[in-house]
Amino acid sequence: MTPSNTKAALTAFAAVVGADAVFDGEEDRAAYSDHFALDETRHAPIAAVAPASVEEVRAIVRLANAHKVPLWPISRGKNFGYGGAAPVLKGSVVLDLSRMKKIEVDVENGTVLVEPGVGFYDLYDHLQANKISLWLSVPGNSWGSVAGNALDRGVGYTSYGDHAARICGLEVVLADGDIVRTGAGAMDGSPNWQLYKPGFGPSWDTMFCQSNFGIVTKLGLWLMPEPESMLGFDFEFDKPEDLGWVIDTLAPLRREGIIQQAPSIGNWLRAAAVMTTRDQWTDKPGALDDSVVTAIRKKFDIGWWSVQTRFYGPLDLTEATARIVTRAFNGNPVLAMKPARWVRGDKPEGSPMTGVPVTFPLANANWHGGRGGHIGYSPVLPPRGDLAMDQFKRTYALYQQFGMDYHASFAMGERSLTNVNQILFDKDDADMVARVDRFFRALVADASAKRYGEYRTHIEYMDLVAGSYDYNDHALRRLNERVKDALDPNGVIAPGKSGIWPAALREKRA
Ligand code: ADP
């Protein structure tokens, strides 16, 4: 990459998409940077180009090969906490797909085929405007796209919350400009593209998740038919140690499919960081002390841990589920257990639990004041109370050691537990920024020592995290990079994404 071949590439891109869809001014570069990063200059793009159709995407990919210019595909670029719109490799051209906004809903079968630019709000509005009784599953910050979020294995709160698992059929532009449809879509005109995931032969959908093997231009997804009812409980627990038995109570209910969404057990800072700022509680540096924790809990009337569980379906079923869950918690030290109930015909409940997009949780980036930043740290562990307690204690000690405020949750998957931490910081505090980098590396080392890997990470740490998946001297990385070199010999699609580098750029690996 040199300034001259970038310039020539941008001129060629403009001939495809029009000059007004090529963005290479200072403000454009700033707009496509990651404003929540520790140091956004490390991953600054050189420009962005925004095609409006799959044919334009194909033309741009071919030109990127001719000019040897790396592209970083984004859907809406709202992957906050993990890099936003910014590329791993500084100087890449962001391929902004947010102008591609087609939505095709199959109401009867409960599926949708979206283009990358379709945001959660767009799809929500579409369903509302057309009175379609299908519910979304949305992430806590729903600014992003349905496709980009599913491709990065984002999660939501309903029983359809494992978004990648609900993908059914992709359309992908490969690095040479070829176009492929996965699953049943491989048969031209198949009515089963969004209905039957495997198709025939190997299935490729997951190959394009968290990867840089292609550019997804259409994504099929299953949606939840509006249930007759949604019942559940909001639980509060008093002590840090309650985490262990709560996990051991929830795990069998998840395994047996009695609870079908992933309850997320989170600590007191989740509420406080969204609703207030740190200076309202204390002016002391270092991790918050117990007196502040007590004050926060009192003000919001919450436990050390809180968790919401929800059951979806016919009222007969959800009421039976509520009885089974109540029985499971009987005899345990529950601080509070508040029932939640919505039945079809009630006014909309309006939260992510019913698939309504929200953005207010992003207010937590203001916690420290200054320009707010945050990055996610999310190792996966087995769903066992003793292991969760051990994870909590080790991680909590690291927060204390690095003087950071503990912000974590444990999300119960069907067979695993994801410990999602949001590390909040003030980008204008140079000491804190330097500390957070050391803190993050210490956290990854700590998890790796237990042989826990992260499910997702920020662009700055993709090599670090990919490196922790080390079986047989990093055999998975070798496989990924053989595939990368076969599909994308010039390395034009998202070099470095998920620690996968094309041959010519491998020396860039951190
Ligand atoms: P969102 O706006 O939904 O939060 P992003 O556009 O920020 O999602 O993308 C999240 C991640 O997924 C990024 O790392 C991006 O490179 C990748 N990604 C997003 N859309 C595509 C796509 N259409 N094809 C391939 N990779 C994509």
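At 18% relative accessibility, does His474 count as buried or exposed? His474 counts as buried, and the legend for Figure 1 places this residue beside its neighbour in sequence. Every view below is drawn from a predicted model.

**Figure 1. Asp473 and His474 in helix H13 both have positive phi values.** Helix H13 covers residues 471–487, and Asp473 belongs to this helix, as does His474. The phi of Asp473 is near 50°, a positive value in a residue other than glycine. For His474, also not a glycine, phi is positive at about 65°. Their accessibilities put the two residues in separate classes: Asp473 counts as exposed because its relative accessibility is 58%, whereas His474, with 18%, falls under the 20% limit and so counts as buried.

**Figure 2. Lys484 is a buried lysine in helix H13.** Here we stay with helix H13, where Lys484 has its place. The relative accessible area of Lys484 is 0%, so this residue is buried. What does Lys484 touch, not counting residues up to four places away in sequence? The contacts are with Asn212, Phe213, Pro489, Ile493, Ile500 and Pro502. If you would like a distance to check in your viewer, try Lys484 and Arg29: their C-alpha atoms are 27 Å apart in space, and the two residues are 455 residues apart in sequence.

**Figure 3. The largest nonpolar core has 64 residues.** Good residues to click on are those with the most contacts inside this core, namely Leu243, Trp305, Phe392, Tyr406, Phe410 and Ile423. Helix H11, residues 430–449, supplies eight residues, the largest share of this core. A second core, separate from this one, has 39 residues, and Val22, Val54, Ala85 and Leu95 are included in it.

**Figure 4. Helix H6 meets helix H10 in a right-handed crossing.** The axes of H6 (residues 242–255) and H10 come within 7 Å of each other and cross at roughly 145°. On the H6 side, the residues in contact are Leu243, Gly244, Ile247 and Asp248. Their partners in H10 are Gly385, Ala388, Met389 and Phe392. Sorted by class, this contact holds five nonpolar, two polar and one charged residues. Two of the names may be familiar from Figure 3: Leu243 and Phe392 are among the residues with the most contacts inside the largest nonpolar core.

**Figure 5. Helix H10 also packs against helix H11, with a right-handed crossing.** The two axes come within 10 Å and cross at roughly 160°. That angle is over 145°, so H10 is roughly antiparallel to H11. Which residues of H10 take part? Arg394, Thr395, Leu398 and Tyr399 do, and they meet Phe439, Ala442, Leu443 and Asp446 in H11. By class, the residues of this contact divide into five nonpolar, one polar and two charged.

**Figure 6. Leu387 sits in helix H10, which spans residues 385–401.** Setting aside neighbours within four places in sequence, Leu387 is in contact with Leu381, Pro382 and Tyr452. A distance to Ser448 can be drawn in as well: 14 Å separates the C-alpha atoms of Leu387 and Ser448, which are 61 residues apart along the chain.

**Figure 7. Helices H1 and H3 run roughly antiparallel to each other.** Helix H1 covers residues 3–17 and helix H3 covers residues 54–67. Their axes come within 10 Å and cross at roughly 160°, an angle over 145°, and the pair is therefore roughly antiparallel. The crossing of H1 past H3 is right-handed. From H1, the contact uses Asn5, Ala8, Ala9, Ala12, Phe13, Val16 and Val17; from H3, Glu56, Ala59, Ile60, Leu63, Ala64 and His67. This contact has 10 nonpolar, two polar and one charged residues by class.

**Figure 8. Val155 lies in the loop between helix H5 and strand S8.** The loop has H5 (146–151) on one side and S8 (167–173) on the other. With a relative accessible area of 44%, Val155 is partly exposed. Apart from neighbours within four places in sequence, Val155 is in contact with Val138, Pro139, Asn149, Gly161 and His163. One of these partners, Pro139, is 16 residues away along the chain, and 5.7 Å separates its C-alpha atom from that of Val155.

How values were computed:
Residues are numbered from 1 along each chain as its sequence is written. This is a predicted model: local features need pLDDT of at least 70, side-chain atom pairs count only at pLDDT 80 or more; totals for chains, interfaces and linings use all residues. Side-chain values use heavy atoms; hydrogens and water are left out. A nonpolar core is a set of buried Ala, Val, Leu, Ile, Met, Phe, Trp, Tyr and Cys residues joined through side-chain atoms within 4.5 Å. Buried means under 20% relative accessible area, exposed over 50%, partly exposed in between (1.4 Å probe, protein chains only). Helices (H or I, at least four residues) and strands (E, at least two) are DSSP runs, numbered from the N terminus. Axes are lines fitted to C-alpha atoms, for helices over the stretch in contact, and angles run from 0 to 180 degrees between N-to-C directions. Angles under 35 degrees count as roughly parallel, over 145 as roughly antiparallel, 65 to 115 as roughly perpendicular and the rest as oblique. A crossing is left-handed if the near helix is turned anticlockwise from the far one by less than a right angle, and right-handed if clockwise. Contact means heavy atoms within 4.5 Å. Ala, Val, Leu, Ile, Met, Phe, Trp, Tyr, Cys and Pro count as nonpolar, Asp, Glu, Lys and Arg as charged, and the others, Gly among them, as polar.
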